[in-house]
Amino acid sequence: MAIVFVLIGCSPSQSNNDSKGTEQREIELTISAAASLRNALSELKSLFEQSNNNIKIAYNFGSSGALQQQITQGAPVDMYFSAAKDKYDYLVDEGMIAQGVNLLTNELVLIAPKEHGTNISKFEDLTSPNISQLAIGIPESVPAGKYAKEALLHMDLWEKVEDKLILSKDVRQVLTYVETGNVDAGMVYKTDALISSDIEIVDVTHKSNHSSIIYPVGIIKDTKNIHEVGQFFEFLQSEQALTVFEKFGFKPLE
């Protein structure tokens with residue numbers, strides 16, 4: 001029986017080689033993530049790949065709304081990390097999320113160029129004639145823009161500053177406009193403000209002024225790499241990953 005088995009099957013050395021080859025097969029995961037996560041996720045990519053040599057992470061950063069539309073239209077994505085729960089929930093309702101969790105939260109702040117000279121120190125100052133341009137994300141597609149509009153409406157400032165608005169494709173574009181002095185002020189996440197030495201935070205929105213800022217992350221149901229993306233999904237919830245998120249200003253949801 002032993003002789004027959006060797007003749008019709010693989011030799012032990014062949015079997016080990018095949019297994020080894022399978023283990024070393026490189027997998028690339030495509031992660032569509034909100035632009036505000038860029039710095040934290042870039043650091044986490046290095047940490048994860050050090051311990052998972054056969055898995056490479058490729059990020060697609062952008063506004064949560066644009067990324068959600070890409071996934072809805074069939075873009076080959078393994079995971080969606082959103083800055084807006086409503087965009088994420090749409091994919092859940094469409095049956096496109098296999099597994100997910102609400103992972104992080106953030107704050108919305110008002111920023112100005114470090115050498116601005118406009119005497120802006122609070123949201124109410126946006127109505128001053130000295131402030132001619134305020135950058136926010138497009139409310140319909142950029143979560144930070146949606147929260148900004150909600151906050152300005154709640155503070156009875158929206159109609160007073162609407163003519164000053166410069167609408168941007170994502171939160172990082174808002175940050176760039178303020179850094180370069182192309183606008184007088186902008187509204188971004190605290191995490192974005194903390195990475196720039198060219199701006200200053202002049203005010204912080206109260207959380208009661210806008211919807212809860214929640215960052216959900218989910219595995220796309222049609223992924224062809226369910227095991228590998230599952231590993232990254234679990235890693236993002238680990239103490240090691242949460243420590244990195246906190247370093248960049250995010251707070252884990254309890």
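## How two helices cross

Angles between helix axes count as roughly parallel under 35 degrees, as roughly antiparallel over 145, as roughly perpendicular from 65 to 115, and as oblique for the rest. With that in hand, let us look at a helix pair in this predicted model. The axes of helix α3 (residues 38-51) and helix α10 (residues 226-236) cross at roughly 120°, and the two helices are therefore oblique to each other. Their axes come within 11 Å, and the crossing of α3 past α10 is right-handed.

Which residues make the contact? From α3 come L41, L44, L47 and F48, and from α10 come Q231, F232, F235 and L236. Sorted by character, the residues of this contact are seven nonpolar, one polar and no charged.

## The six-stranded sheet

Helix α3 also has a sheet to lean on, so to speak, and here is how that sheet is built. Six strands lie in the order β2-β1-β3-β10-β4-β11, forming an open sheet with mixed pairing. At the edges stand β2 (55-62) and β11, each with a single partner strand, so one side of each has no neighbour in the sheet.

Strand β1 (residues 27-34) runs parallel to β2, and eight bridges join the two. If you would like a spot to find on screen, try I27, which stands opposite I55 in β2. Helix α3 packs on this sheet and touches β1, β2 and β3 (79-81). The direction of α3 makes about 175° with that of β2.

## The five-stranded sheet

A second open sheet has five strands in the order β7-β6-β8-β5-β9, again with mixed pairing. Its edge strands are β7 (165-168) and β9 (199-204), each of which pairs on one side only. From one strand to the next, the twist averages 35°.

Two helices are worth tracing here. Helix α6 (residues 143-154) packs on the sheet, where it touches β5, β6 (134-137) and β8 (185-189), and its direction makes about 115° with that of β8. Helix α8 (residues 171-179) also packs on the sheet, touching β5, β6, β7, β8 and β9. The direction of α8 makes about 145° with that of β8.

## A closer look at β5

Strands of a sheet pair through backbone hydrogen bonds, either parallel or antiparallel. Which sense does β5 (residues 108-113) adopt with β9? The two strands pair in the antiparallel sense, over five bridges, and the bridge partner of L110 in β9 is D203. Strand β5 is also joined to β8 by four bridges, and these two run antiparallel. In β8, L108 has Y189 as its bridge partner.

Is β5 enclosed or open? Six of its six residues are buried, so β5 is largely enclosed by the rest of the structure.

## L253, just after β11

Finally, follow the chain to L253, which sits in the segment after β11 (251-252). Partly exposed residues are those between 20% and 50% relative accessibility, and L253, at 33%, therefore counts as partly exposed.

What does L253 touch beyond the residues up to four places away in sequence? Its contacts there are N102, L103, L104, T105 and I214. P216 makes another handy landmark: P216 and L253 are 37 residues apart in sequence, and their C-alpha atoms are 9.9 Å apart in space.

Terms used:
Residues are numbered from 1 along each chain as its sequence is written. This is a predicted model: local features need pLDDT of at least 70, side-chain atom pairs count only at pLDDT 80 or more; totals for chains, interfaces and linings use all residues. Side-chain values use heavy atoms; hydrogens and water are left out. Buried means under 20% relative accessible area, exposed over 50%, partly exposed in between (1.4 Å probe, protein chains only). Contact means heavy atoms within 4.5 Å. Axes are lines fitted to C-alpha atoms, for helices over the stretch in contact, and angles run from 0 to 180 degrees between N-to-C directions. A crossing is left-handed if the near helix is turned anticlockwise from the far one by less than a right angle, and right-handed if clockwise. Ala, Val, Leu, Ile, Met, Phe, Trp, Tyr, Cys and Pro count as nonpolar, Asp, Glu, Lys and Arg as charged, and the others, Gly among them, as polar. Two strands pair if DSSP finds at least two bridges between them.
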